[in-house]
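Hello,

Here is the structure I promised to pass on to you. Have a look at it first, and then read on for what turned up.

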Amino acid sequence: MPDPSVVAAFLTESHVALAGRITAYAARELVPLPEPADDAAARVQARDFVARLGGAGWFASIGELDLRAACLVRETLAGASPLADAVFALQALGTVPILLAGDPRLKERWLPSVLAGRAMASFAMTEPEAGSDAAAIATTARRDGTDYVLTGTKTLISNAGLADFYTVFASTDRDQGNKGISAFVVAADTPGVKFVRPLVLSAPHPLGEIAFEDCRVPASSRLGAEGAGFKLGLATLDRLRATVAAAACGMGARALEEALGHATRRRQFGRALAEFQLVQEKLARMATDLTAARLLTYRAAWEKDRGAERVTLEAAMAKAFATEAAQRIVDDAVQILGGRGVLASHPVDRLYRAVRALRIYEGTTEIQHLIVAGQLLKQAEGA
Ligand SMILES: Cc1cc2nc3c(=O)[nH]c(=O)nc-3n(C[C@H](O)[C@H](O)[C@H](O)COP(=O)(O)OP(=O)(O)OC[C@H]3O[C@@H](n4cnc5c(N)ncnc54)[C@H](O)[C@@H]3O)c2cc1C
């Protein structure tokens with residue numbers, strides 16, 4: 001499990017204590033659980049995790065907007081159960097926009113139940129024709145008296161068909177481009193919300209497509225001003241991106257732990273694998289990549305927690321580096337495990353299937369690199 005001492009410079013004493021508590025919880029409650037056998041079972045387990053994690057108080061960091069605490073929780077959950085981590089991630093993604101821009105009644109309606117694990121959240125931005133280019137959203141929200149009427153399709157949505165509400169991004173004024181996008185909180189039982197179909201991943205993760213068919217919501221469910229939704233979406237992603245990096249670190253740390261254990265136990269040619277320098281070289285690269293990824297991750301979270309308005313550059317660097325590094329670390333772990341590493345029942349195979357999506361969701365690596373370069377060029381122009 002992750003060692004907080006490596007990133008202690010970025011943590012308070014209470015963060016270090018939290019790391020100890022979540023590590024003990026994950027080892028006791030999550031590590032022994034078998035992986036769900038199929039998508040239906042993953043959906044049942046995801047709902048169960050919402051109640052269990054919420055009941056145990058692990059969503060508190062979301063309500064407190066304590067990014068380092070959220071990173072510590074995601075790092076630990078991801079190494080123990082990637083599905084539990086996904087559950088945490090979506091509670092945060094769906095809820096932070098409400099925290100940042102919801103009116104008091106909206107906050108009252110959803111926040112206590114999300115944080116206690118009685119309600120499951122979702123974040124619905126991606127569409128069939130709007131992925132990396134999120135401003136190309138075609139879902140519309142037409143004003144009609146004191147209501148809005150939503151029409152459109154959202155795809156690749158985590159918790160689709162399971163969530164109690166969707167934080168939805170829709171265009172209120174197509175002519176204004178991204179300045180015409182608004183955000184809404186839509187309860188899943190609102191007439192016109194349709195679960196179209198599940199989309200099944202190789203790793204357990206409830207994903208799917210939803211549609212809004214003349215779905216009427218009161219204007220009070222809008223988050224912030226009309227036209228401010230895109231900015232709110234980006235601010236949410238900017239804030240939570242470091243937690244994706246943290247999840248990647250957690251998967252990398254677990255993979256390294258499994259690889260180290262195996263390399264010291266397994267003997268071939270009369271020696272432990274760990275005695276072969278080719279294996280040592282892999283272990284050294286894995287550990288170095290992991291340490292670098294964790295430093296970038298907690299640096300970004302610390303910057304935000306100490307009051308930085310935006311951590312666009314820091315969070316994009318952390319997300320791109322940590323997710324790419326975790327992919328390499330997990331792949332090397334599979335290699336060190338040999339044939340056992342590709343058995344579906346082995347933790348490193350589970351990580352191998354789970355880690356891949358992290359380089360894609362909440363902005364692909366390529367998009368993160370464009371963000372980093374954009375920030376560098378802006379700084380260079382200002383110099
Ligand atoms: C497991 C999982 C969970 C998800 N959960 C959610 C969710 O809960 N809510 C939600 O709204 N979305 C969710 N998504 C969607 C995710 O955010 C998108 O998949 C992601 O933003 C990329 O969009 P896309 O898949 O349409 O790929 P595209 O945008 O079509 O990109 C395809 C490839 O082209 C590259 N590319 C695109 N534009 C450029 C460019 N300008 N320069 C260089 N390369 C470029 C990309 O980097 C990528 O490699 C999820 C996705 C996954 C895999």
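Before the strands, one definition: two strands are said to pair if DSSP finds at least two bridges between them. Please also keep in mind that this is a predicted model.

**Strand β5 and its neighbours**

With that definition in hand, take β4, which covers residues 165–171, and β5. These two strands pair in the antiparallel sense, over seven bridges. To find one of the bridges on your screen, start from Tyr166: its bridge partner in β5 is Val186.

β5 also has a link to β8, a strand of residues 222–223. Two bridges join β5 and β8, and the two strands run antiparallel. Here Ala183 is the residue to click on, as it stands opposite Leu223 in β8.

How many residues of β5 are buried? The strand spans residues 181–187, and seven of its seven residues are buried, so β5 is mostly covered. The cover applies to both faces. On one side you will find Ile181, Ala183, Val185 and Ala187, and on the other Ser182, Phe184 and Val186, all of them buried. Two of the residues named for the bridges, Ala183 and Val186, therefore sit on opposite faces of the strand.

Phe184 leads on to strand β2 (residues 140–144), where Ala141 lies. Ala141 has Phe184 among the residues it touches, along with Tyr148, Val149, Leu150, Ala170, Ser171 and Thr172, leaving aside residues up to four places away in sequence. Is Ala141 buried or exposed? Its relative accessibility is 3%, so Ala141 counts as buried. If you would like a sense of distance, compare Ala141 with Leu83: they are 58 residues apart in sequence, and 32 Å separate their C-alpha atoms in space.

**Strands β3, β6 and β7**

Next, please turn to β7, which runs over residues 207–218. It pairs with β3 in the antiparallel sense, over nine bridges. One place to look is Gly152, whose bridge partner in β7 is Phe212. β7 is also joined to β6 (residues 193–198), by five bridges, and these strands run antiparallel as well. In this case Lys194 stands opposite Ala211 in β7.

Within β3, which covers residues 147–158, I also looked at Thr155. Thr155 has a relative accessible area of 10%, and because buried means under 20%, it counts as buried. Not counting residues up to four places away in sequence, Thr155 touches Thr126, Glu127, Pro128, Leu199, Gly208 and Glu209.

**Two pairs of helices**

Now for the helices. α8 (residues 277–305) and α9 (residues 312–337) pack at an angle of about 155 degrees, with their axes 9 Å apart. An angle over 145 degrees counts as roughly antiparallel, and α8 and α9 are therefore roughly antiparallel to each other. α8 passes α9 in a left-handed crossing. Sorted by class, the residues in this contact are 17 nonpolar, two polar and eight charged.

The second pair is α5 (residues 82–101) with α7 (residues 229–265). Their packing angle is about 160 degrees, and their axes are 10 Å apart. α5 and α7 are therefore roughly antiparallel to each other too. Here α5 passes α7 in a right-handed crossing. From α5, the contact is made by Pro82, Asp85, Ala92, Leu93, Val96, Pro97, Leu100 and Ala101. From α7 come Leu232, Thr236, Leu237, Arg239, Leu240, Ala247 and Met251. By class, this contact has twelve nonpolar, one polar and two charged residues.

**Two backbone angles to check**

Most residues other than glycine have a negative phi. Which residues depart from that here? One is Leu65, with a positive phi of about 50 degrees although it is not a glycine. Leu65 is placed in the loop between α3 (60–63) and α4 (67–80), and at 30% relative accessibility it counts as partly exposed.

Another is Asp214, a residue other than glycine whose phi has a positive value near 45 degrees. Asp214 has its place in strand β7, and at 57% relative accessibility it counts as exposed.

Happy browsing, and best wishes!

Definitions and conventions. Residues are numbered from 1 along each chain as its sequence is written. This is a predicted model: local features need pLDDT of at least 70, side-chain atom pairs count only at pLDDT 80 or more; totals for chains, interfaces and linings use all residues. Side-chain values use heavy atoms; hydrogens and water are left out. Axes are lines fitted to C-alpha atoms, for helices over the stretch in contact, and angles run from 0 to 180 degrees between N-to-C directions. Helices (H or I, at least four residues) and strands (E, at least two) are DSSP runs, numbered from the N terminus. Angles under 35 degrees count as roughly parallel, over 145 as roughly antiparallel, 65 to 115 as roughly perpendicular and the rest as oblique. A crossing is left-handed if the near helix is turned anticlockwise from the far one by less than a right angle, and right-handed if clockwise. Ala, Val, Leu, Ile, Met, Phe, Trp, Tyr, Cys and Pro count as nonpolar, Asp, Glu, Lys and Arg as charged, and the others, Gly among them, as polar. Buried means under 20% relative accessible area, exposed over 50%, partly exposed in between (1.4 Å probe, protein chains only). Contact means heavy atoms within 4.5 Å.
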